[in-house]
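Subject: Structure handover

Hello,

Here is the structure I promised to pass on. Please open it alongside this note, and my findings follow below.

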Amino acid sequence: MLSLRIAALTLLAAPLCQAEETPKHLGPVTGIAVVGSQIYSVSQAGIFREAKRLAKPPFRVMAMAAGGPLLLLGGGQPAASGEVAVYDTNGGSLAKLRLSDDLVYSVAVSPDGKTAAAAMADGRVLTLAFPDLAPGSVTEANRHEAIVRAVAFSPDGQWLASAGLDGLVLLTPRKPKAKPIVLADHSGGVESLAFAPDSRQLATGSRDSRVRLHSIEGRLLRTFQGVGEPPDATGFGQAPRVLCLDWSEAGLIGGTSTGYVFRLPSGQGNWQPLHRNQAGPVYSVGQAHGQIVAGKTGQVFQLAEPAK
């Protein structure tokens, strides 16, 4: 009689086990990183390599950056904590540090792999030792008057740039006591930035639907207007926001709040829409192996790199 009961329980339990779903992205995919031949992405559901979840950090992840074979995450809990963490590419947790009482919105790792930077909700731009995240190494590199939405090191390691919702971009030489070059050309909060591969230019994307290109000395070179505006736009309502940028040897691309993945020409011409996600914003983009990788709500999708 006991064996019959066990068999019945096994039959009842089987459908429940079969019903378990493979973990998937939840909410906005806020970060994409390429390490070697692998593509990593992150959302509230955790860190993913392709479609496999590797780990679920103990805080809401807002950003991710690659530092050699390691991944730097930033996030926290709104109005409660701002945290950074380092994971290996198999999902192993290596270090974690609380930085503040509000979110970390963006992170970056210097090209030499020794320094991390964090963009803070309280307006600070912090640097610290990577990958150990030693508390004693935390230094305030700059300060904005509003939320800092993006931070990046130049590929040559000589500059640190930050973008804030105060409408400013701070471009700072990585030298002792160096003062930043203040770029104040945008008419709205600045959401994103990216250095050119040769470190000679900086692209910044804003809530005013513009992408501006500056020389590394801070001179305005070019402005792309109406980035992300649909063909049927009436000119009324909120302007598209340029939420993310990525600049590689293949070119300068980005994503907007209106769902566009776009490309900006190196010569003459206007912004070029490559794809539109009608369901919502494109929060993150990356380029790897002839592909454009983009993150939206709950999903990562890939596009073939178009011919120049």
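Glutamate 191 is buried, with a relative accessible area of 2%. The cut-off for buried is under 20%, so 2% falls in that class. Please keep in mind that this is a predicted model.

What does glutamate 191 pair with? One partner is arginine 149, through a salt bridge of 2.8 Å, N to O. That pair links distant parts of the chain. Arginine 149 sits in strand S13 (residues 148–153). Glutamate 191 sits in strand S17 (residues 190–195). The two residues are 42 apart. Arginine 149 is partly exposed, at a relative accessible area of 22%.

Arginine 207 also forms a salt bridge with glutamate 191, at 2.6 Å, N to O. Arginine 207 lies in the loop between strand S18 (201–206) and strand S19 (211–215), while glutamate 191 is in S17, so this pair ties together parts that are 16 residues apart in sequence. Arginine 207 is partly exposed, with a relative accessible area of 36%.

These contacts belong to a network. Arg149, Glu191, Arg207 and Arg241 are linked in it by salt bridges.

How many salt bridges does the whole structure hold? The search finds 8. One of them joins glutamate 140 and arginine 143, whose closest N and O atoms are 3.0 Å apart. Both ends of this bridge are partly exposed. The relative accessible area is 40% for glutamate 140 and 47% for arginine 143.

Now the largest pocket. Its space comes to about 1500 Å³. The lining counts 48 residues. Nearest the centre lie Ile32, Met64, Val107, Leu245 and Asp246.

Which elements give two or more residues to that lining? They are strand S1 (31–35), strand S5 (60–67), strand S9 (104–109), S13, S17, strand S21 (242–248) and strand S25 (284–288). S5 gives the most, with 7 residues. S13 and S17 are on the list, and these strands also carry arginine 149 and glutamate 191 respectively.

By class, the lining has 30 nonpolar residues, 13 polar and 5 charged.

For a first look, I would take the views in this order:

- The network of Arg149, Glu191, Arg207 and Arg241.
- The bridge between glutamate 140 and arginine 143.
- The largest pocket, with Ile32, Met64, Val107, Leu245 and Asp246 nearest its centre.

Best wishes

Conventions: Residues numbered from 1 in each chain as written. Predicted model: local features only at pLDDT ≥ 70, side-chain atom pairs only at ≥ 80, totals over all residues. Heavy atoms only, no water. Salt bridge = Lys/Arg side-chain N within 4 Å of Asp/Glu carboxyl O. Buried < 20%, exposed > 50% of the residue type's maximum accessible area, 1.4 Å probe, protein only. Helix = DSSP H or I, 4+ residues; strand = E, 2+ residues; numbered from the N terminus. 1 Å grid on protein atoms, 1.4 Å probe; cavity = no way out; pocket = protein on both sides within 12 Å on 5 of 7 lines; lining within 4 Å. Points joined across faces, edges and corners; volume = space filled by probe spheres on them. Nonpolar A, V, L, I, M, F, W, Y, C, P; charged D, E, K, R; others polar.
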